[in-house]
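Please open the model in your viewer and keep the selection panel at hand. The tour moves in short stops, each beginning with something to select.

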Amino acid sequence: MSRYWSAVVHGLTPYVPGEQPKLANLVKLNTNENPYGPSPKVLDAVRAEAADTLRLYPDPGSDRLRAGIAAYHGVAADQVFVGNGSDEVLAHAFMALLKHGQPILFPDISYSFYPVYCGLYEIAYRQIPLTDTFEIRIDDYLAPNGGVIFPNPNAPTGRLLPLSEIERLLAGNPDSVVVIDEAYIDFGGESAVRLVARYPQLLVVRTLSKSHALAGLRVGYAIGQTHLIEALNRVKDSFNSYPLDRFAQAGALASMEDHAYFESICAKVVATRTRLVAGMEALGFQVLPSAANFIFARHPAQDGAALAAALRERSIIVRHFRNPTRIAPFLRITIGTDSQCDALLVALKAIVNC
Ligand SMILES: Cc1ncc(COP(=O)(O)O)c(C=O)c1O
């Protein structure tokens with residue numbers, strides 16, 4: 001607290017990112033990073049940018065990258081907006097498209113950055129409870145609102161909605177913006193990008209942090225009709241005209257172009273997820289169905305916080321949320337390599353059986 005702070009800073013409750021421990025030799029399953037490295041073509045492209053041209057500003061419009069993203073998704077380049085991680089894209093979407101008179105709607109158990117953006121931009125919101133089985137019920141969102149946002153698959157539950165349900169939401173909610181945050185969609189869901197042409201209020205937000213194994217490069221993007229993209233550009237150019245540096249633009253483009261590579265690492269993660277779920281169920285865990293690169297699991301006889309602490313003692317880090325209390329028994333576990341998941345299963349077996 002300081003008397004030099006503005007009133008809005010006094011009122012902020014900032015987001016707390018998952019820990020990035022400095023220790024080596026940890027099995028790090030706490031922030032949904034990809035256990036595999038990015039495409040070698042990404043590394044070549046980034047290295048090529050380490051040149052004299054770094055004295056020049058990067059392209060403020062990231063035109064080549066946007067063209068590459070557009071080509072991958074079969075949309076026009078002016079339907080693509082890029083930002084410094086999807087967190088920045090989301091922040092601009094809150095400011096540009098979700099700040100209206102009425103409260104916006106999102107699930108009570110969801111990405112915990114959404115209420116933080118609402119605090120920053122002074123946006124009213126209403127959190128809609130997930131069902132008892134941790135599902136988003138679309139009927140609950142067919143009420144007057146200033147906008148709707150949720151991840152699909154949802155985080156931290158991993159539960160997926162079929163595209164038909166997203167479409168039902170759009171059809172029943174024509175007057176406010178619907179943001180579908182597809183951070184994890186490449187691990188098992190169908191993207192809503194193909195609905196963009198038909199729904200002028202749909203913005204799909206995606207990231208290269210998870211499926212492209214590029215969390216360290218900080219690149220996210222949004223796809224929507226041009227009037228939505230223009231709103232995002234107006235906010236961006238009132239904030240930071242150069243959100244993506246030269247490394248990020250070149251590396252992200254190389255990654256979008258090498259889709260065979262990122263699809264192959266996604267397939268490995270999905271195969272490991274199937275193995276891990278089976279192994280955990282054999283130990284008595286209840287695991288929610290996941291379409292993401294993480295699972296959300298609880299053990300009927302164990303306390304969530306105690307389990308996370310016992311894993312940490314064995315150098316395995318997972319994510320535990322104390323709030324809301326309904327999810328306090330659960331652990332959110334990132335899918336690692338097969339050997340990391342084997343180490344996790346060995347540790348869980350020792351903890352659960354003692
Ligand atoms: C649901 C969801 N959306 C967005 C993000 C932000 O991803 P990034 O800023 O790395 O693109 C995350 C990161 O964990 C997430 O879980």
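The stops below go from the ligand and its surroundings to a patch on the surface of this predicted model.

**The ligand and its shell**

Begin by selecting the ligand together with the residues around it, of which there are 13, the closest being Ser86, Asp181, Tyr184, Thr207 and Ser209. If you colour this shell by residue class, you will find 5 nonpolar, 4 polar and 4 charged residues. Next, highlight helix α4, which spans residues 85-97 and gives the most to the shell, with 4 residues.

**Polar contacts of the ligand**

Now show distances to the oxygen atoms of the ligand, starting at serine 86, where a polar backbone atom is 2.6 Å from a ligand oxygen. At threonine 207, by contrast, select the side chain, since a polar atom there lies 2.6 Å from an oxygen atom of the ligand. The side chain of lysine 210 is the next selection, with a polar atom 2.9 Å from a ligand oxygen. With these contacts on screen, switch to a surface view: of the 400 Å² of accessible area that the ligand has on its own, the protein covers 91%.

**A nonpolar surface patch**

For the last stop, select Met1, Tyr4, Trp5, Val8, Val9, Leu12 and Leu120, which form a nonpolar patch on the surface and together have about 720 Å² of accessible area. Within this selection, centre on valine 8, which belongs to helix α1, residues 7-10. Valine 8 is partly exposed, its relative accessible area being 32%, and it can therefore be counted in a patch whose members need over 30%.

Definitions and conventions:
Residues numbered from 1 in each chain as written. Predicted model: local features only at pLDDT ≥ 70, side-chain atom pairs only at ≥ 80, totals over all residues. Heavy atoms only, no water. Near = heavy atom within 4 Å. Polar contact = N/O pair within 3.5 Å; in protein donor to acceptor, adjacent residues only side chain to side chain. Areas by Shrake-Rupley, 256 points an atom, 1.4 Å probe, with all protein chains shown as cover. Helix = DSSP H or I, 4+ residues; strand = E, 2+ residues; numbered from the N terminus. Nonpolar A, V, L, I, M, F, W, Y, C, P; charged D, E, K, R; others polar. Patch = residues over 30% accessible without salt bridge, like charges linked within 9 Å, V, L, I, M, F, W, Y side chains within 5 Å. Salt bridge = Lys/Arg side-chain N within 4 Å of Asp/Glu carboxyl O. Buried < 20%, exposed > 50% of the residue type's maximum accessible area, 1.4 Å probe, protein only.
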